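Here is a short briefing for a reader new to this structure. Take a look at the sequence and the model before reading on.

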Amino acid sequence: MCYAVPVIVFIDDVSGNVSKQWNKHHVVYASNANLPREMIEKEFSVKFVSSSPHASPIELAKAVCDSINSAAQNGVEAWDCKYDEEVLLLPYGFFFGGDNPMQAEECSHNGLGCNLFCRTCKVGGTKAHKASEEGFLELFSEGPLRTPHETDAEIRRQLSMSVLPGAQSKVDSARQATGVWDSGLHSIIHTLIEMGKQLRKARPDNSQASEDAIRKQLETELDRLLQPHSVDDWINPLLGLAGVNIHMDTPTEILHTVLLGVVKYFWGQTVHIIEKAKSLALLEARMESLAVHGLNLPAFVPAYICHYRGGLIGKHFKSLAQVMPFLIHDLVPQDVLDGWNVIGELVVLLWHTSIEDEKYTWHVSFYFMVLHYLIAAVGPSI
């Protein structure tokens, strides 16, 4: 009997110290997606794969991809204790978890500062376009989806630019325009650009090498830097992993995207309005009077929340999302109150542990759409 085993891979950066001093390590964990939710969330179901303070996430990902490909090609023999027989396991990459910056790197994406700021699709445009009425409306819908093939081609194009005159501005413009940036080839591209600058400088006798000679020298250096491998071995391996579309298979991580994203900045906008009206003490008093025993909240300390209102963490925002409409109903404009009502509905939907309603995705999309418009009305900078 053969069984397909979908593998969830999680890559993140953590501190390797017991003390509070930051000592950055990249770690890789894996889980069997076939397990039921009650089991997969237990610690013994999460398997340690690798850790390094020196190797980059893409370097670790290459080793993971090689292991998955090898196991998928040869199979893994195991014993099925339930049916008392030998079985063959065939693993494959299911999805890759992590926070947004890590998932952007896994997709060879340069982050939110680019014109096309999404790692999944090509929504966005130049600053002038996004500020226009047409461009602003486009931000509320998805753009053309990215594909691993197109990303791979753009990475190779940027590599070829690194030997040209004015390579720095050409590569920077390409990254800004497309959002594509590969951390695996970054050091090589940087080396070639700096070498090209030095070769194109005028010599003491005001002579200068021909452009053909400079380019040939840079191409020779490129071959040396790539040795003993080819370009294919340096480019992000996740772009070519069988059965995986890395742009689609990096599901949004809701802690940073929702609680530490939308809710955090909406909280900041709300507090600004309340402070301007000198009603912060009233907000704290209302928090103190809340009966929270039926809300399944962690320790809810109003004095701490109000005093450290600019330094709250995920658990605080998850609590606030449930109770804010009851606290601020007469302290803020109607658009802000409507925003918190929608956030409350959205947080409940996003933290479902099981989805049985066929209209679930429709409800999530609807509340996100409404929230987008309310944020645009309250504070577009959010």
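The points below cover open pockets, an enclosed cavity and three single residues.

This is a predicted model. Its largest pocket holds about 2300 Å³ of space, and the second largest pocket has a volume of about 1100 Å³. The count of cavities of 30 Å³ or more comes to one. Arg175, Tyr360 and His316 are then taken one by one.

**The largest pocket**

- The space in the largest pocket comes to about 2300 Å³.
- Its lining is made up of 46 residues. Phe117, Cys118, Thr252, Thr257 and His372 lie nearest the centre of this pocket.
- Helices α3 (100-106), α11 (254-276) and α16 each give at least two residues to the lining of the largest pocket.
- Helix α16 makes the largest share of that lining, with nine residues.
- By type, the lining of the largest pocket splits into 27 nonpolar, 15 polar and four charged residues.

**The second largest pocket**

- The volume of the second largest pocket is about 1100 Å³.
- A set of 32 residues lines the second largest pocket. Ile8, Arg37, Ile40, Phe95 and Ile254 lie nearest its centre.
- Strands β1 (2-15), β2 (24-32) and β5 (85-97) each supply at least two residues of this lining. Helices α1 (37-40) and α11 each do so too.
- Helix α11 therefore appears in both linings: it supplies at least two residues to the largest pocket and at least two to the second largest pocket.- The lining of the second largest pocket divides into 20 nonpolar, eight polar and four charged residues.

**The enclosed cavity**

- Rolling a probe the size of a water molecule over the atoms reveals where empty space remains.
- One cavity of 30 Å³ or more is counted. The largest cavity contains about 40 Å³ of space.
- The largest cavity is lined by Pro298, Ala299, Phe300, Val301, Ile305, Lys315, His316 and Ser319.
- Helix α14 (residues 314-328) provides the largest share of this lining, three residues.
- Five residues of the cavity lining are nonpolar, two are polar and one is charged.

**His316, a cavity-lining residue**

- His316 is one of the residues that line the largest cavity. It lies in helix α14.
- Is His316 buried or exposed? His316 counts as buried because its relative accessibility is 10%, and the cut-off for buried is under 20%.
- Not counting residues up to four places away in sequence, His316 touches Tyr304 and Ile305. Ile305 is also one of the residues lining the largest cavity.

**Tyr360, in helix α16**

- Tyr360 is found in helix α16 (residues 360-378). Helix α16 also gives nine residues to the lining of the largest pocket.
- Tyr360 is buried, with a relative accessible area of 12%.
- Neighbours within four places in sequence aside, Tyr360 is in contact with Leu349, Leu350, His352 and Ile355.
- Tyr360 and Met102 are 258 residues apart along the chain. Their C-alpha atoms are separated by 28 Å.

**Arg175, a buried charge**

- Arg175 sits in helix α7 (residues 167-178).
- Arg175 is buried, yet it has no salt bridge.
- Which side chain of opposite charge is nearest to Arg175? That side chain is Asp172, 4.2 Å away. A salt bridge needs the atoms to be within 4 Å.
- With neighbours within four places in sequence left aside, Arg175 is in contact with Asn110, Cys114, Gln158, Val180, Trp181, His186 and Ile189.

Notes. Residues are numbered from 1 along each chain as its sequence is written. This is a predicted model: local features need pLDDT of at least 70, side-chain atom pairs count only at pLDDT 80 or more; totals for chains, interfaces and linings use all residues. Side-chain values use heavy atoms; hydrogens and water are left out. Helices (H or I, at least four residues) and strands (E, at least two) are DSSP runs, numbered from the N terminus. Buried means under 20% relative accessible area, exposed over 50%, partly exposed in between (1.4 Å probe, protein chains only). Lys and Arg count as positive and Asp and Glu as negative; His and the chain ends are not counted. Contact means heavy atoms within 4.5 Å. On a 1 Å grid over the protein atoms alone, a cavity is a set of points where a 1.4 Å probe fits but cannot get out, and a pocket is an open set with protein on both sides within 12 Å along at least five of seven lines; lining residues have an atom within 4 Å of a point. Grid points are joined across faces, edges and corners, and a volume is the space filled by probe spheres set on the points. Ala, Val, Leu, Ile, Met, Phe, Trp, Tyr, Cys and Pro count as nonpolar, Asp, Glu, Lys and Arg as charged, and the others, Gly among them, as polar.
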